[in-house]
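Trainee: Please take a close look at a single part of this model, and explain the terms as you go.

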Amino acid sequence: MMPRAGAPRVLTVAQLSNSVGDGAYYTCSALYFTQVVGLSPARLGVGLTVAWAVGSLAGVPLGHLADRRGPRGTAVLLALATAVAVASFLVIRSYAPFLIAVCLYATAQSGLAAARQALLAGLVAPAERTGVLAHLQAALNAGLAVGAALGGLALAHGSRGGYLAVFAVDALSFVVCAALTLRLPAVAPVARPVDDGPALAVLRDRPYALVTLLNAVLLLRMPLLSLAVPLWIVRRAPQLTWLASALFVLNTLGVALFQVRTARSVTGLRSAARAVRVAGAVLLASCAVFALSAADLPLWATATVLVAASVLLLIGEMKQSAGSWQIGFDLAPDDRMGQYQGFFATSVAAARTLGPLLLTTTVVSWGVPGWLLLGAVFLTAGHAMGPAVRWARRDRPYALPEPGAAGPRAAATG
């Protein structure tokens with residue numbers, strides 16, 4: 001799981017620390033806010049949707065701030081802001097303060113992701129970035145698994161004190177993340193020339209916007225195991241309800257064990273686009289196998305089909321992740337890395353915001369046709385990524401890094 005010593009390892013340990021807290025938080029937060037604070041599930045859902053919408057809008061300006069003020073200091077401040085937001089959950093008892101706190105949480109998380117990506121770009125050579133991100137993703141999943149186990153203990157205890165302990169652990173994990181980030185070398189802020197165009201240039205970059213949109217479509221796979229598949233199993237094979245959590249654990253451990261190995265084949269834009277194209281095909285296969293579980297099969301056969309579909313989903317996820325990381329970095333200019341990463345991260349926010357509604361409508365309500373439609377969407381988006389990347393590559397005013405490049409890109413000539 002751990003990369004070489006130096007900045008990549010410190011970044012990975014920082015990721016591991018706050019993902020442990022997040023794993024516990026994600027496991028317990030919904031039950032805490034509904035059963036202890038007393039929010040209705042509908043109000044909780046609206047609040048989270050509003051928060052992630054606000055967070056997605058804040059990602060670009062906060063990424064721009066990281067470019068102009070330095071990504072390390074910005075990342076530290078946003079990690080501490082996240083800690084404050086989580087700590088405030090300890091004392092919240094009504095809806096208005098909850099909405100403010102959860103908006104702060106989502107905003108700080110979105111900005112932290114952009115600043116952390118800009119920091120990684122400033123400390124790690126282009127040829128190593130996708131590999132380091134694979135280590136970060138593996139650490140993220142391992143931390144979430146450990147945190148989920150801690151959250152499970154709090155759920156088993158069932159007391160308000162247990163829930164509050166989870167929030168305290170999550171807040172502390174972001175303080176540790178901030179302290180570890182301070183150990184990294186500072187990356188100098190990028191000075192903006194007087195005639196360098198609009199401050200938020202990414203908002204006018206149509207090829208990059210298309211790449212981000214296609215990535216958002218592919219990221220609709222994110223809520224599958226946490227939302228759509230459990231609801232599907234409950235409707236089609238209620239005796240296998242326990243399998244939903246086992247499939248989630250399988251996915252988490254699979255990414256932790258195999259994401260680094262999967263990312264090794266991605267070394268540039270061509271291999272990245274190819275990985276995303278393969279991911280689209282594999283995700284289509286996964287959806288088709290999930291649809292097969294609706295057939296009148298023995299219970300053991302249904303379980304086997306669900307496991308096979310989840311393994312295909314895991315492979316597609318790892319391929320898509322590795323390819324999208326490389327694309328998101330290579331198409332971003334060095335002097336605007338923060339704002340571009342903040343914009344690219346809106347694909348995650350869009351999938352989190354729209355995914356639950358779209359997946360429950362297509363997969364849960366429509367059944368087999370919905371699975372096949374979703375798979376066709378994945379296939380189309382995966383194949384469209386190649387032309388979109390080629391368009392964006394032609395549109396860049398600088399030379400893009402070649403596979404194996406170790407330094408910053410050079411200005412294009414001719």
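Mentor: What follows stays with one helix, its contact with a second helix, and the loop that comes after it. The model is predicted, so to speak of local features takes pLDDT of at least 70 and side-chain atom pairs count only at pLDDT 80 or more, while totals for chains, interfaces and linings use all residues. Residues are numbered from 1 along each chain as its sequence is written, and side-chain values use heavy atoms, without hydrogens and water.

The helix is α7, residues 206-218; helices are DSSP runs (H or I, at least four residues) numbered from the N terminus. Helix α7 packs against helix α13, residues 346-366, at an angle of about 40 degrees, and their axes are 8 Å apart. Each axis is a line fitted to C-alpha atoms over the stretch in contact, and angles run from 0 to 180 degrees between N-to-C directions. The crossing of α7 and α13 is right-handed, that is, the near helix is turned clockwise from the far one by less than a right angle.

On the α7 side, Thr212, Asn215 and Ala216 make the contact (heavy atoms within 4.5 Å). Facing these residues, α13 supplies Thr346, Ser347, Ala350 and Ala351. By class, the contact of α7 with α13 has four polar residues, three nonpolar and no charged; Ala counts as nonpolar, while Asp, Glu, Lys and Arg would count as charged.

Charge does appear in the loop between α7 and α8 (222-236), where Arg221 lies. The side chain of Arg221 meets that of Glu317 in a salt bridge, at 3.8 Å from N to O. The term asks for a side-chain nitrogen of Lys or Arg within 4 Å of a carboxyl oxygen of Asp or Glu, and the structure holds one such pair. Glu317 belongs to helix α11 (residues 299-330), so the bridge ties together parts that are 96 residues apart in sequence.

Conventions:
Helices (H or I, at least four residues) and strands (E, at least two) are DSSP runs, numbered from the N terminus.
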